[in-house]
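Q: Please take a close look at the largest pocket of this model, and then set that part against the rest of the chain.

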Amino acid sequence: QPELSEKVDLVLKVLPSEKDVPRNLFVLKRLALDNELMVNELSIPEVGEIASSSAETKKTKDEILSSLSVKLTLVGSREKIINFLQQVESTAPLMRVSSLAISQKGEGLDEAMIEVRTYFLFFPKTIGKLEQPIIPVTSQEEKAFGELASFKLLETNESTSFVLPVGKADL
């Protein structure tokens, strides 16, 4: 049981069960700072979708996971921008770069306009019947867990995290 609990904790850090916007913003900000990049702009175009699990999320028919878009503009060296992009896709929570435009800002400086999709998966509404035995973990699921275990986890503390204002749940 403890091993299963640890695995669930890790999976929830990589693929949260809710829209964890503060955590996503913390990770993006931290990766930018670690790569000596300046964040010029940051926006969440789907702001009305953030509030709660009851809010509609945008999914195409091919998507299994719910996602939220974060757009940011970074300035720095091309090498540092490329490193940032690689780290975004290998750091928890699960995020993928969905669009990228790079332009030269000055000598040795580039500006990158990036759209990142952050993913989450709500808990199921039901968990099944209690009388049924627990289905053993398949080798495919173990392989998927191994991939999740390779994600870098950034720890937060009071001095490095930031708090977003809280308002009504149905923005």
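A: Helices (H or I, at least four residues) and strands (E, at least two) are taken here as DSSP runs, numbered from the N terminus. On that basis the chain has 4 helices and 4 strands, and from the N terminus on these elements follow one another as α-α-β-β-α-β-β-α. This is a predicted model, in which local features need pLDDT of at least 70 and side-chain atom pairs count only at pLDDT 80 or more, while totals for chains, interfaces and linings use all residues. Residues are numbered from 1 along each chain as its sequence is written, and side-chain values rest on heavy atoms, with hydrogens and water left out.

The largest pocket has a volume of about 1,100 Å³, a pocket being an open set of points on a 1 Å grid over the protein atoms alone, where a 1.4 Å probe fits, with protein on both sides within 12 Å along at least five of seven lines; the volume is the space filled by probe spheres set on the points, joined across faces, edges and corners. Of the 26 residues that line this pocket (an atom within 4 Å of a point), Leu4, Val8, Val11, Val137 and Glu141 are the closest to its centre. Two elements, α1 (2-14) and α4 (139-149), each give two or more residues to the lining, and the largest share, 6 residues, comes from α1. By character, the lining of the largest pocket divides into 19 nonpolar, 3 polar and 4 charged residues, where Ala, Val, Leu, Ile, Met, Phe, Trp, Tyr, Cys and Pro count as nonpolar, Asp, Glu, Lys and Arg as charged, and the others, Gly among them, as polar.

Beyond the pocket, the chain as a whole gives the setting. Of its 171 residues, 32% count as buried, that is, under 20% relative accessible area, with exposed meaning over 50% and partly exposed in between (1.4 Å probe, protein chains only). Among the contacts (heavy atoms within 4.5 Å) with a separation of 6 or more, residues 24 or more positions apart account for 77%.

The packing of α2 (residues 21-34) with α3 (residues 78-88) can be described in the same detail: the axes of these two helices come within 9 Å and cross at roughly 145°, with axes fitted to C-alpha atoms over the stretch in contact and angles running from 0 to 180 degrees between N-to-C directions. On the α2 side Leu28, Leu31 and Ala32 take part, and they meet Phe84, Gln87 and Val88 in α3. The residues of this contact divide into 5 nonpolar, 1 polar and no charged. Helix α2 also holds phenylalanine 26, which counts as buried because its relative accessibility is 4%. From phenylalanine 26 to leucine 154 the C-alpha to C-alpha distance is 9.2 Å, although the two are 128 residues apart in sequence.

The loops on either side of this helix pair have backbone features worth checking. In the loop between α2 and β1 (38-43) lies glutamate 36, whose phi is near 55°, a positive value in a residue other than glycine; with a relative accessible area of 62%, glutamate 36 is exposed. The loop between α3 and β3 contains proline 93, and the peptide bond that leads from alanine 92 to proline 93 is cis, with omega near 0°.

Strand β3 (residues 95-106) holds arginine 96, which is partly exposed because its relative accessibility is 30%. Leaving aside residues up to four places away in sequence, arginine 96 touches Glu89, Glu115, Val116, Arg117, Tyr119 and Phe151. One of these partners, valine 116, is 20 residues away along the chain, and the C-alpha atoms of the two are separated by 5.5 Å. Alanine 101 is also placed in strand β3 and is partly exposed, with a relative accessible area of 34%. Under the exclusion of residues up to four places away, alanine 101 touches Glu111, Ala112 and Met113; its C-alpha atom is separated by 8.2 Å from that of glutamate 111, which is 10 residues apart from alanine 101 along the chain.
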